[in-house]
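Here is a short briefing to read alongside the model. Please keep the sequence and the 3D view open as you go.

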Amino acid sequence: MKQLMLGNAAAARGLYESGCAVVSSYPGTPSTEITEEAAKYKEIYCEWAPNEKVALETAFGASLAGKRAFCGMKHVGLNVAADPLFTMSYTGVNAGLVVGVADDPGMHSSQNEQDSRHHAIASKIPMVEPSDSEEARVFMDMAYQVSEKFDTPVLYKMCTRIAHSQSIVETSERQDIPRKSYEKNISKYVMAPANAIRRHPFVEQRLKDIEEWSLTSGINRIEKAESQFIHDGKADIGIITSSTSYQYAKEVLGNSASILKLGMVNPLPAKLIKEFASGVKKLIIIEELDPIIENFCRTLDLGVEIHGKDMFGLCGELSQNKIAAAFGKPVAEGIQLGVNIPVRPPIMCAGCPHRGMFYALSKLKVTVWGDIGCYTLGSVAPLSAMDVTLCMGASFSGLHGWNKAGGADNEKKSVAVIGDSTFVHSGMTGLATIAYNQSASTVIVLDNSITGMTGHQQNPTTGKNLYGDPAGRIDLEALARAMGIEHVRVVDPYNIEECEKAVKEELAFEGPSLIISRRPCVLLKSVKPLPALKVDAEKCRSCKMCMKIGCPAISMKGGKACIDATLCVGCGVCSQLCKFGAL
């Protein structure tokens, strides 16, 4: 049956058809929908884990129990999961284990442009990479075949454009995969040094075997140029590419170049590349981010002119226009509106519960260590209430180091903020080091009762699981006290005065303290908006104080404040700033 399907949905369909039984993931754009779509199949058990490391270890456990398993994450999440991943390369698996990772060239929703192929190379684990939705479905089953045939976890690499674009897939029925029995094998699964050293040669030989398999599996293919572009038995141009870059190359070049389209990007097929290069006059590597294929080709002594990053650059995602320009072809003309369209920067929603706390922090002029989540937008003007954002969970531990180095001068005028989901992901250990090593650090959990930035996924503090069913719930106050934080208080971020008072008092306290800024995300279905505020134009003095919170529902028109009733949720934060009662 043919269907138009999102790349991530097609990947989930591949999980279903391949007989996958267990999925454990941590949400991260652009990977999130794979797990959300997989949860729609009753035959697959799906869950959100507290972080990617836990998710991968859970999937590994399911594999050893004899069921095919999957773990999904975004590229920076693979850093968190790297510890178990690298050792799983040595242990191997029982039932098939596929690790999905979605890269984000162009950083549409990420803090870096990391290329996950480096993890595949460093961990010596095979990586497959689909270039459309149909391959997203088919490659999932191939990944499980490779996993079980060669006793290895398999990395399954997506990127933003493949994950979030749609193309035709042809679905098939689910395979009935019997549970594989577990056999105790200490030398294989207990990675003490004496056992691990004996597994290393197996890993090296496995890569060679997988490379040989790839030569006849059909996962990599050669598409020959049309005859008019072949002279003296060689194509004028040969392209080696993969993923979305393949789609761009085909759109720009058509059949004017021979193409080696790679579906397995680790290990790279040296024999196939040599065969392909012998039939072209010039070799051009088209790949996003790092020159991994290009550098590999340069080690093979191909005897042909090679180009790659000298044409396309290292930064950002590729596009049809970039490739066309590199080949001196006309680029597609965009729609000319005849007007300058203003930039629309990301901003916290109208009524966002984080805004009141950030306003208080901005007013107090404290140094703010931030974290990863929608609250990172607290760094945007006019609030500009954030100084540093590094990675998931770094705010608390970063503040601790900042305070240990700066002493009381820092402790009395610095805080850290983190979301509830990110706190459970990797912020708890930061809080533990503050309590254990006793810095007088004031930290704030911005508890909006959901994982907001990736699209409202549940987490261990919400009391609901992935399916929305009742689940175990972490009590943040009790947890903090159990970890040794004696000063714990809860504030309503819609109350600016309360937020400001709490921050002042906890900064003055000689010891670790935690503030929980608690109010659910305004976009949750359970949150009912209040009537929109209105402006009394006669009372408005055009002072623009209400503009200082950066709410998108407020603007100035005709010299007076104006509230967009279609956006305003009646939170009342702006009215607390107006000294003239105009709101």
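**Helix packing, cores and cysteines**

Helix 9 (residues 193-217) and helix 11 (residues 270-277) have axes that come within 8 Å and cross at roughly 45°. This is a predicted model, in which local features need pLDDT of at least 70 and side-chain atom pairs count only at pLDDT 80 or more, while totals for chains, interfaces and linings use all residues. Residues are numbered from 1 along each chain as its sequence is written, and side-chain values use heavy atoms, leaving out hydrogens and water.

**The helix pair**
- Helix 9 and helix 11 are therefore oblique to each other (neither under 35 degrees, over 145, nor 65 to 115).
- Glu-211, Glu-212 and Leu-215 of helix 9 make the contact (heavy atoms within 4.5 Å) with Ala-270, Lys-271 and Leu-272 of helix 11.

**Nonpolar cores**
- The largest nonpolar core (buried Ala, Val, Leu, Ile, Met, Phe, Trp, Tyr and Cys residues joined through side-chain atoms within 4.5 Å; buried means under 20% relative accessible area, 1.4 Å probe, protein chains only) has 63 residues, of which Met-357, Phe-358, Leu-361, Phe-396 and Ile-444 touch the most other members.
- Beyond its neighbours within four places in sequence, Leu-361 is in contact with Val-366, Val-368, Val-415, Val-417, Ile-444 and Val-503.
- Another core, of 46 residues, lies apart from it and includes Val-101, Ile-240, Phe-276 and Val-304.

**Cysteines**
- The structure holds zero disulfides (pairs of cysteine sulfur atoms within 2.5 Å).
- Cys-297 has its nearest cysteine sulfur, that of Cys-159, 20 Å away, and counts as buried at 0% relative accessibility.
- Cys-546 is buried too, at 9%; its sulfur is 6.4 Å from that of Cys-543, the closest cysteine sulfur, too far for a bond.

Conventions
Axes are lines fitted to C-alpha atoms, for helices over the stretch in contact, and angles run from 0 to 180 degrees between N-to-C directions. Helices (H or I, at least four residues) and strands (E, at least two) are DSSP runs, numbered from the N terminus. Buried means under 20% relative accessible area, exposed over 50%, partly exposed in between (1.4 Å probe, protein chains only).
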